[in-house]
Amino acid sequence: MNSFDIFKQLSVALTGFTESQLFPPLDPKGLGKQYFNTINEKIGADDFNMMLSAFNSAPDKNLFLEQNLQKGQPYAPVLQNIIKMWYFGIWFYLDKAPDNVKTDLTAKTNTIFFPRGGYEVISSEAYTSGLMWQAMDAHPMGYSEFKTGYWAELPPQVQKQQKKNSSTAKAKTNE
Amino acid sequence: MKNFKGLTVTCLIAVFYTFGFYACNEEGQQKQETVSETSGPASNCIKLFSDTSIAPRFTKRNPWEPPYDVSGPGSDLESIQHDFDVYSWETFIALNWPALNNGAPDSTTCIGSNRDNNTVWETWLESNQIFRSGGQQPVPWGSPKTIPNECNNLSSRPSKMLTQIAKVPDDLLQEFSQPFNTGPIIDQDSNYARFEILVNHNMFDYILNNKLYSKTGQQDFFKKQDAVVDFHSGSVDSQKVGAIMVKAAWKIMNPEDDTSRYHTTTAIIDNDSDCSEELVGLVGFHIGHKTVSAPQWIWSTFEQVDNVPEYDEKLKGPKVDKSRYNFFKPNCKNCLPMNQTPPRPWNPAEKNTPSQIVRLTPVDPATRQLNEQYHNLLTSINANTVWQYYELISTQWPTDPGDPDVNPDGTPAPQFLANTTLETYIQGIIKDGKVVMVPNSSSSCIRCHGNATTTNGKFSDFTYLLERAQ
């Protein structure tokens, strides 16, 4: 399995979205690749690959994430950044910790990262495609793909759920 | 991208001249026997266009019939894009097929066999014939172009004389500004380019039958429960073409222009205060077609090949490879900055500063290769055909058309698409020498048209035309 395939699995596990939602078979936006390249660029291929290998070789991937997302764990800042990247379309800046911090913490990784403060929007498409908008059934400020007049109606997912509930109730009545 | 160009075109040309258009393979021959029994030039044409190496041929049909939909076998972005690009070319050829007086395609001849020809789409109704003052009923399908009062002097000329001048029916070109009033485009002779929008019979019928041509009609339409504007879709199953609208950009021809490289016609140029009759050349051409597989419509866009140079990120400027362009002057120090709107006032009756336009997104290499294949096909009909001087810029289509409620724009591919004559100033921006696209402000056919509404603010099914109702 190559590192991009592992990144796909990691992204699914971190976001709760399916692979076909994050990496559609027909993908003109190519956000997954864009994010993969961003991490490589920001933290370096060595550290990124080491983290991906650790995730890939973990017998229980959910447990691995549960443990490594905890504050103080060496992979935590990068893993948290990946979640935020998918949800917000933003990369929060990380700095490398001095060597003595690294040895104090753990020897699991080449480099320890910690949040520096500040961020950058990865791309305009990344911002408008952030998963938080889907999760909220909303849209970013100044940009909506919904049809004109949507604001006067219930969000699409709520409408769908209502229809589903209604048909289930109808089926039960008929029983 | 399959490269059949050398084999196919050489084969077709050789066979054409040697044996009179026998198809190059058995599959093609079999297909022809089932498509038409026409003889003479049309028969030759059918054989030529049944070349299966460029296609997928979407359905068995004649080359003067637009494809009903795209249903190619592609499974990845590149191969499906190729199918859509083939669809675009086949549609372009069908719509630009020579027309009979009643507007039907002339099945006895071939596109460009006489170098240039009148076209089917130019016989369709123009927007101002459908959306008339005071919400009047549209003129009947097949009516001649409507001449406004200010142009009566010209229209009083004998129609025969106009017919002799032009190969196509008289045309009326009023519009000169672009979407969202982003500005006009001025050619190298300081004249404004002109635009027109026309719809096919199918789309016209829907507007007429639902009385969507007037504000009152639109209000009544939406009184019905759950009423939505829903134009007919092209379908392979029913073998029907759906609603089609086209937008064309024209430039006024002048003595320096090589008219043998343009589809030309004589048009009445209306400047409100005065009218003139001019020879105009087609420089830009949009086609929008609603189909079953693309409820967000399929958007094809073509340009005349001499319009503008392409931007080169390495050069951080235009890659100039011609001495004359329609909307760009090479080595010009006093010209407007690249892709800047001309100075106001924008009065099409007066000359204005020529535009200095550059295409920001280069034509994709695969599309460029397909253009070459179709150019070869067209020149095998007539080496001097004007249609060889038109190129497909790209085709935008929805990659995820399935659930318009949740994903209304269907995630279009390519994400952005602009015609330099029709979306001149919303192609994208240049930042640090690189071309950057910005959602909502850089041109995307589907995303933009997804915001179109009727006069009472209801979704109008990807057409801005319904906003013109009075």
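# Close-up views of a predicted two-chain model

**Figure 1. Three salt bridges are counted between chain B and chain A.** The model is predicted. One of the bridges joins the side chains of Arg447(B) and Glu145(A), with 3.7 Å from N to O. Polar contacts also cross this interface: seven residue pairs are found, both partners at pLDDT 80 or more. On the side of chain B that touches chain A, α4 (77-95) and β11 (412-413) each supply at least two residues.

**Figure 2. Chain B contributes 27 residues to the contact and chain A contributes 16 residues.** Together, chain B and chain A bury about 1800 Å². Carbon and sulfur atoms carry 57% of that area.

**Figure 3. Phe7(A) and Phe23(A) form one ring pair in chain A.** Over all chains, a search of the whole structure finds 36 aromatic pairs. In this one, the ring centres of Phe7(A) and Phe23(A) are 6.2 Å apart and the planes stand at 80°, so the pair is edge-to-face. Planes over 60 degrees apart earn that label. Phe7(A) sits in helix α1 (residues 3-15) of chain A, while Phe23(A) sits in the loop between α2 (19-22) and α3 (31-43), so the pair ties together parts 16 residues apart in sequence. Phe7(A) and Phe23(A) are both buried.

**Figure 4. Phe7(A) also pairs with Phe36(A).** This pair is tilted, at 5.6 Å centre to centre and 50° between the planes. Distant parts of the chain are linked here: Phe7(A) belongs to helix α1 of chain A and Phe36(A) to helix α3, 29 residues apart. Phe7(A) has a relative accessible area of 0%, so Phe7(A) is buried. Phe36(A) has 8% relative accessibility and therefore counts as buried. The cut-off for buried is under 20%.

**Figure 5. Two lysines of chain A lie over aromatic faces.** Lys8(A) lies over the face of Phe23(A), 5.7 Å from the ring centre. Phe23(A) is the edge-to-face partner of Phe7(A). Lys61(A) lies over the face of Phe55(A), at 5.7 Å from the ring centre.

**Figure 6. Ring pairs build an aromatic cluster in chain B.** Four of its members are tryptophans: Trp89(B), Trp121(B), Trp250(B) and Trp387(B). Phe92(B), Phe285(B) and Phe302(B) belong to the cluster, as do Tyr374(B) and Tyr390(B).

**Figure 7. Arg194(B) is placed in strand β3 of chain B.** The strand covers residues 194-199. Relative accessibility is 3% for Arg194(B), so the residue counts as buried. A polar atom of the Arg194(B) side chain lies 3.3 Å from the backbone oxygen of Pro348(B).

**Figure 8. Thr367(B) lies in helix α10 of chain B.** The helix covers residues 365-379. Thr367(B) has 2% relative accessibility and therefore counts as buried. Leaving aside neighbours within four places in sequence, Thr367(B) is in contact with Asp85(B), Leu392(B) and Ile393(B). Thr367(B) and Asp85(B) are 282 residues apart along the chain, yet their C-alpha atoms are separated by 7.0 Å.

Key. Residues are numbered from 1 along each chain as its sequence is written. Chains are lettered from A and ligands numbered from 1 in the order in which they are written. This is a predicted model: local features need pLDDT of at least 70, side-chain atom pairs count only at pLDDT 80 or more; totals for chains, interfaces and linings use all residues. Side-chain values use heavy atoms; hydrogens and water are left out. Rings of Phe, Tyr and Trp (its six-membered ring) pair if their centres lie within 6.5 Å; planes under 30 degrees apart count as stacked, over 60 as edge-to-face and the rest as tilted. Helices (H or I, at least four residues) and strands (E, at least two) are DSSP runs, numbered from the N terminus. Buried means under 20% relative accessible area, exposed over 50%, partly exposed in between (1.4 Å probe, protein chains only). A charge sits over a ring if NZ of Lys or CZ of Arg is within 6 Å of the ring centre and within 35 degrees of the ring normal. A polar contact is a pair of N or O atoms within 3.5 Å; within protein, one must be able to donate a hydrogen and the other to accept it, and residues adjacent in sequence count only if both atoms are side-chain atoms. Contact means heavy atoms within 4.5 Å. Buried area is the accessible area (1.4 Å probe) that two parts lose on being put together, summed over both. A salt bridge is a side-chain nitrogen of Lys or Arg within 4 Å of a carboxyl oxygen of Asp or Glu.
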